[in-house]
Amino acid sequence: MRTSIIHKTASDLQVAPNLADYDAERRGFSWEAAGAELGLRAQRPVNIAALAVDRHLGTPVADRIALRFIARDERRRNISYAELALLSSRFAGVLRSLGVGKGERVFLLSGRIPELYVAALGALKNGSVVAPLFSAFGPEPIRTRLALGEARVLVTTESLYRRKVAGIAAELPRLAHTLLVGDDGGPTDVPGTRDLATLMSAAADRFDVERTSANDMALLHFTSGTTGTPKGAIHVHGAAVAHYATGRYALDLHPDDVFWCTADPGWVTGTSYGIVAPLLHGVTSIVDEADFDAERWYRLLDQHAVSVWYTAPTAVRMLMKAGAGLARAHRLPALRFIASVGEPLNPEAVWWGEEAFGLPIHDNWWQTETGGIMIANTAAMDIKPGSMGKPLPGIDACVVARRDDGSCEEIAAPGVQGELALRKGWPSMFRGYLNQDERYRKCFCGDLYLTGDLVSRDADGYYWFVGRADDVIKSSGHLIGPFEVESALMEHPAVAEAGVIGKPDPVVGETVKAFVSLKAGYVAGEALRMELLGHARKRLGAAVAPKEIAFLPALPRTRSGKIMRRLLKAREMGLPEGDTSTLEAGA
Amino acid sequence: MTMGTTTEADDPTLRQAILETLQRIAPEVSPREISPSRPLRDQVDLDSMDWLNFLLGLHARLGVDIPESDYRKLVTLDDLLRYVSAKRRG
């Protein structure tokens, strides 16, 4: 029977959970002690890649498979910890030989291929800053992020370079080196670029890891706001302690696990939990280079004996569409823990896990700025389907109301809606938006980081997602800034104004829908709709471009001239229009 | 995968119908640039939702049922041509 709580008993757990007694573990937890487990001491160098890879050399983990890549044709390539240490050292050597140093930005743009993981870890060893990009971005989001991030190096594939970068390379004078991976594994020969494999074969096997400190910049993850350009969230080497602790508590990683994080490293989940956390734990990760396919996914879970699986609501809902029967056709005796992140997991999906796998799906919550999982339904904890769970050890969360004067008031009473806030001090907290100090400062109220997510907390301490405090769109778990989409549409000569919203969708959460009004002389119609769609897709790529475009005679604006996206959304959903007192007459 | 001896793969009407359905999702595509034997999603920027909508569009336009278990067989334009013509024949 479907109850409001899924109670856990000892028989639900195949292994002893890392977080057994929630209250005791929270009381006894300190970040210093968590760091000490990784061998860290105050004032000593900290380097994410050294901790994730080199630390295992000379231990039995060195010979274990670190990453198992599964190509589209399902051929495997296993890379052991020892081999990963060697390859990442070579890549670090490549960077050093090119004169690329500490703090300089190395951007990565590719699918989930071995070279991406090697480059990420090698760049970290070199003290350079890793900035991953999603390979489904179009040229415009790529150009914006490379420019904002002051990219010095770009690692990409030959085909992605030709399709998305060659046309914008001239606009990026600071980009000194573009290193290409050949599409068929062969060497590349493209003007203005270097062949990565050739450079790697000339590099030394040994590399002295840069002595980075806990507060040195390690990763730059771009995220989107409601207005303005994307924001590059700065993360530091000390974040590794949080990746380690959360991998242990929220994902319940044990040394013998085979772990599958289905997220793409172009997004923060695919870096924090697709690369760093499992390596810190010395477990084997599988990496699927192909796109989602229900049957294939079940086959991989089965063939590779995945024990811990971290996926996303969109994927779960696509699996649900394919039916529980397909899941049950595969016996998955090794699978023991399933977690999900990206957007709230609906209760039906949590329960569907029970039906299909005999395991509930554990939702958790975090965002680019937090660097790691903050709130989670954990292995030993009762699950409240639809809830994001409870704050992990080391994380202090609360619900706040913002006052008009900019100060915040904590809401202690349960069941009251407010903004989710987190007390500063966890190691993976972002340390800035690159070159945008004012936007960074606005995220804080005293020592609280304000997440922009509206939530409520129940009497048992479980948090429940209510909505976003702003107009950011969440599609397949990825944030899309409406402004970025509107700007691209506005570049088309026919468009007078554009307003972009997230339209609720049962599978991907929200899809991007654009409303445009046209300049005089242009006629709304199917031909123009297709032209605008193609225009937006060429610039933005499939992951960001609208799925739907509607024409309006004029867009609703406030008297101060801002497009009222909220009103467009309410109208789209047939909801009450709310407070329209600032609406300009006639819109 | 072999090309086989089918002539349907060269059926220009069917090819055009498939490409037009693709263009409903991705209007930026120029059919001349599509290589029929290379994976479509390597050539056209399609996310999972676009791909699903494309296959649903084929169902709506051509009346062929494409069960989810067949999705993975459909990688290239040639795959689609062969699949759709076989279904319509059968």
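**Note on a predicted two-chain model**

1. A good place to begin is chain B, where helix α1(B) passes helix α4(B) in a right-handed crossing. This, like everything that follows, is read from a predicted model. The two helices, covering residues 12-25 and residues 77-89 of chain B, have axes that come within 10 Å and cross at roughly 115°. On the α1(B) side the contact is made by Leu14(B), Arg15(B) and Ile18(B), while α4(B) supplies Leu77(B), Leu80(B), Leu81(B), Val84(B) and Ser85(B). Sorted by class, this contact of α1(B) with α4(B) has six nonpolar residues, one polar residue and one charged residue.

2. It helps to set that crossing within chain B as a whole, whose secondary structure comes to four helices and zero strands, so that from the N terminus on its elements run α-α-α-α. Of the 90 residues in chain B, 24% count as buried. Among the contacts in chain B with a separation of 6 or more, 64% are between residues 24 or more positions apart.

3. How many residues does each chain give to the contact between chain A and chain B? Chain B gives 15 residues and chain A gives 21 residues. On the chain B side, the elements that give two or more residues are α2 (40-43) and α3 (48-62), and of these α3(B) gives the most, with three residues. The class make-up of this side of chain B is five nonpolar, two polar and eight charged residues, which a student may like to set beside the six nonpolar, one polar and one charged residues where α1(B) meets α4(B).

4. Turning to chain A, the chain is divided into domain 1 (10-454) and domain 2 (473-573), and the centres of these domains, taken over C-alpha atoms, are separated by 30 Å. The contact between them takes 22 residues from domain 1 and 23 residues from domain 2. In domain 1, the elements that give two or more residues to this contact are α6 and α12 (313-322) of chain A, with α12(A) giving the most, namely four residues. By class, the side of domain 1 that touches domain 2 has ten nonpolar, nine polar and three charged residues.

5. The largest nonpolar core has 188 residues, and those with the most contacts inside it are Val106(A), Phe107(A), Ala120(A), Val130(A) and Val485(A). This core draws at least three residues from each of domain 1 and domain 2 of chain A. In soluble globular proteins, nonpolar side chains tend to be buried together. To look at one member in detail, Val485(A) touches Ile480(A), Val500(A), Val512(A), Ala514(A), Ala536(A), Leu540(A), Val544(A) and Pro546(A), leaving aside residues up to four places away in sequence.

6. Two residues of chain A deserve a second look for their backbone angles. Glu150(A) has a positive phi of about 50° although it is not a glycine, and its place is in the loop between α6 (139-148) and β5 (151-157). Ser476(A) likewise has a positive phi of about 50° without being a glycine, and is found in the loop between β23 (473-475) and β24 (478-480).

7. Are these two residues buried or exposed? Ser476(A) counts as buried because 24 other C-beta atoms lie within 10 Å, and the cut-off for buried is 20 or more. Glu150(A), by contrast, has 18 other C-beta atoms within 10 Å and is therefore partly exposed, a class that lies between buried at 20 or more and exposed at 12 or fewer.

Technical notes: Residues are numbered from 1 along each chain as its sequence is written. Chains are lettered from A and ligands numbered from 1 in the order in which they are written. This is a predicted model: local features need pLDDT of at least 70, side-chain atom pairs count only at pLDDT 80 or more; totals for chains, interfaces and linings use all residues. Two residues are in contact if their C-beta atoms, placed from the backbone, lie within 7 Å. Ala, Val, Leu, Ile, Met, Phe, Trp, Tyr, Cys and Pro count as nonpolar, Asp, Glu, Lys and Arg as charged, and the others, Gly among them, as polar. Axes are lines fitted to C-alpha atoms, for helices over the stretch in contact, and angles run from 0 to 180 degrees between N-to-C directions. A crossing is left-handed if the near helix is turned anticlockwise from the far one by less than a right angle, and right-handed if clockwise. Domain bounds come from an automatic or database domain assignment. A nonpolar core is a set of buried Ala, Val, Leu, Ile, Met, Phe, Trp, Tyr and Cys residues joined through C-beta atoms within 7 Å.
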